[in-house]
Amino acid sequence: MTTPRRLESYVCGRWTPGEKEGQVLLDAATGAPVARIDSSGIDFAATLAHGREVAGPKLRRMSFHERAGMLRALGQALMALTEEFYAESLHTGATRADGWIDIEGGIGTMLTFASKGRRELPNSRVLTDGTVEPLSRDNTFAAQHILTPLQGVAVHINAFNFPVWGMLEKIAPTLLAGVPCVVKPASQSAYLTELVTRRIIETGILPEGALQLICGSVGDMLDHLTGQDAVTFTGSATTGRKLKSHPAVVANSVRFTMEADSLNASILGTDAMAGTPEFDLFVKEVAREMTVKAGQKCTAIRRVIAPRGQVEALVAALGDRLGKTAVGLPGEESTRMGALASLDQREEVRARIRELQAGAEIVSGDPDAVHVASGDAGKGAFLNPVLLYADRPFEATAVHEVEAFGPVATVMPYDGIDEALRLAQMGKGSLVSSVFTDDPGIAEEVVLGVAPFHGRVLIGNRTSAKSSTGHGSPLAPLVHGGPGRAGGGEEMGGIRGVTHYMQRTAVQGAPRLLSAVTGRWIEGAAVQQGVHPFRKSLAELKIGDQLVTAARQITLEDVEHFAQFTGDTFYAHMNAEAARANPFFDDRVAHGYLVASFAAGLFVEPNPGPVLANYGVDNLRFVTPVYFGDSLRVRLTCKEINPRENAEHGEVRWDCQVTNQKGEVVAQYDVLTMVAKHWPLASAEAAE
Ligand code: NAP
């Protein structure tokens, strides 16, 4: 028999074993020892200080794009190592399909953050939030909300069920924000998190201290938290509440995100009778949610809410499907469901089922008689799926309160949509809910009824079935978290998840100084005129570089010509009488797009130069009608410069303001261009 490996924590730049032998962790499916875990002797205050002092400044010096590039490199490096992770994952009881969610789902989440960071964030270190608030008539005082990274450490405490995804989905947005992490995986499956962390550290991609790992207890770490730190917790509500009320968390207003257990409900619409595609999809989804990861998923369907008339058919179809689920060793190809995390966990689930039985009867499966297709039912934490039925669900409070964290769900009947909604709400807040219906009215009623109690709602029907990601999958661009019992936390949700590790600050001051802070030109800030800004490469271009064009008069012929040429003969441009009858116009008006086109004609510099392409406009508004004889000029100001990492060009945003002869703003928008970092282009030079 091999000696179980001794897990180490990665703290203060070193892999550090605990001082004691520690607890032995067993393979979930075979009962064989896998590892020992202990964190005694670790200086937790020094660990936090190492993150804050060594990694924090390095991460904050990087731009969002540099951090995104770091995450992409890391994600790609981990993708090349997945087989090693899958092999280790088998010890947790997870099948290959379960492992895929954890391992590739986790790495995919990291890569999604990498690409969102590059596409949706500026290549700078400050994030602006919302628009500039003008606070004076003469543009001498304004305000802008900004977001800057917290200067502490994010402590991520995770549950046992997703040892890889649980870590990566949290560290990706944290690192993108510029904040170092300390990860504390649940002991039961920490060997897999430790392995992935070793590989991460070995790549050398992260600055030292950006990721530290605690295998075992976090000791007195929470005592040393400050208001610049953040804690995220995923696990049971009992532990979560305890940590959330920790004296240092309370005293220092430490940001605390809690993702706790949740009794997610799925509702079968009244239109989805047996025989409809939605009924079949519902059966498939409930069975899948009960058996993926052996039901050890925070998002799994626990409460199955169905029209009373459909219950019999539903229970029969579910029982049939669940009864065929091959339970056994996770490495066997024929296995559909692996083991629970540990024998203790199985006892825990059995105890919860007994509590549920106070108001519900078992209609499929037997928690005490285990049937396995492979493996030893005495040594592995196997359990066949158990379906219960609560005939009087408003009286059976346990089914809305007790979470059996395994392949267990309860069917309950409803009479009328209102009852279905009330039952869903009895979960007191969950991560996710779903409704299976093809009826738009039912979809609307259910979603509006359950949305305030959930972080995510999925509508399942025949047309989305093939592409649907399913009830139980949290996705990087979508919010994961739920109110009330689910912990009240919110994770991911794309760039929203990044801002959880940043402080929002309203900054007020003179536009010139605000502009210096944000790196963005704003109205009232300094400008420079001279060389046409389109003649400048990124190496020369500065925020505030400005061009004011000559004026151009708009004539009747221009409008007639534009109308015939484009086919836009809308009456307000063509018919004076009809235009005057319109509440907004005094006469025929020029097309807005004609104004925008003439504006381009006024501001472009026609010769080949560093401006490579115009890729769109943002926030285009036509604010004042343009009549024949009006004379327009353009003021174009360089507003934001985003050089691309790994490319010879970047994006430049220009503030474009078109005014008439009275100085009234006629059109206002941002012009978006690609500009070369250097001119002439290196490739053009090479070609010469
Ligand atoms: P748990 O017992 O509450 O443990 C969660 C984490 O907290 C583990 O890392 C655990 O470490 C740690 N912990 C426990 N006591 C602590 C303390 N005094 N100080 C600091 N850390 C402490 O939960 P679990 O059994 O691992 O996970 C199962 C539960 O998590 C289920 O109820 C499930 O619904 C929930 N869950 C929720 C989500 C979600 O996103 N909402 C996701 C997955 C799971 P040790 O393992 O070392 O004790």
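The chain holds 21 helices and 28 strands. The model is a predicted one. Along its principal axes, the C-alpha trace spans about 90 × 60 × 55 Å. The chain has 688 residues, and 54% of them count as buried. Its accessible surface comes to about 28600 Å². Carbon and sulfur atoms contribute 52% of that surface.

Contacts and charges were examined across the whole chain. Among contacts with a separation of 6 or more, 73% link residues 24 or more positions apart. Side chains with a positive charge number 65, and those with a negative charge number 79. The centres of these two sets lie 4 Å apart.

The domain assignment divides the chain into domain 1 (5-259), domain 2 (265-473) and domain 3 (527-687). Between the C-alpha centres of domain 2 and domain 3 the distance is 57 Å.

The account now turns to individual elements, beginning with a small sheet. Three strands make up this open sheet, in the order 1-5-4, and their pairing is mixed. Strand 1 (5-6) and strand 4 (23-26) are the edge strands, as each pairs on one side only. Strand 4 runs antiparallel to strand 5 (residues 33-37), and 4 bridges join the two. One residue pair shows this register: V24 has R36 in strand 5 as its bridge partner. In general, the strands of a sheet pair through backbone hydrogen bonds, and the pairing is either parallel or antiparallel.

A loop residue was also noted for its backbone angle. C12 lies in the loop between strand 2 (8-11) and strand 3 (14-17). Its phi is near 50°, a positive value in a residue other than glycine. C12 counts as partly exposed because its relative accessibility is 22%, and the limit for buried is under 20%.

Helix 1 (residues 44-61) contains G51. This glycine counts as buried because its relative accessibility is 0%. Which residues does G51 touch, leaving aside those up to four places away in sequence? The partners are G56, V153, P180, G209 and Q212. Q212 sits 161 residues from G51 along the chain, yet the two C-alpha atoms are separated by 7.7 Å.

Strand 7 (residues 142-149) has partners in two other strands. Strand 6 (residues 127-134) pairs with strand 7 in the antiparallel sense over 5 bridges. Here T128 stands opposite I146 of strand 7. Strand 22 (residues 502-509) also pairs with strand 7 in the antiparallel sense, over 8 bridges. In this second pairing, A143 has Q508 of strand 22 as its bridge partner. Strand 7 is mostly covered, with 6 of its 8 residues buried.

The loop between strand 6 and strand 7 holds N139. Phi of N139 is near 60°, again a positive value in a residue other than glycine. N139 is partly exposed because its relative accessible area is 30%.

Strand 28 (665-676) is likewise flanked by two partners. Strand 25 (residues 611-622) pairs with strand 28 in the antiparallel sense over 8 bridges. Strand 27 (residues 649-659) also runs antiparallel to strand 28, and 11 bridges join them. What is the bridge partner of F622 in strand 28? That partner is A667. A667 is also the bridge partner of V658. Of the 12 residues of strand 28, 10 are buried, so the strand is largely enclosed by the rest of the structure.

Strand 27 and strand 28 form a hairpin with 5 residues between the strands. Within this hairpin, G663 takes a positive phi near 85°.

After strand 28 comes a loop that leads to helix 21 (682-687), and P680 is found there. A cis peptide bond joins W679 and P680. Its omega is about 0°.

Notes. Residues numbered from 1 in each chain as written. Predicted model: local features only at pLDDT ≥ 70, side-chain atom pairs only at ≥ 80, totals over all residues. Heavy atoms only, no water. Buried < 20%, exposed > 50% of the residue type's maximum accessible area, 1.4 Å probe, protein only. Contact = heavy atoms within 4.5 Å. Areas by Shrake-Rupley, 256 points an atom, 1.4 Å probe, with all protein chains shown as cover. Lys, Arg positive; Asp, Glu negative; His and termini not counted. Charge placed at Lys NZ, Arg CZ, Asp CG, Glu CD. Domains from an automatic or database assignment. Pairing = 2+ DSSP bridges.
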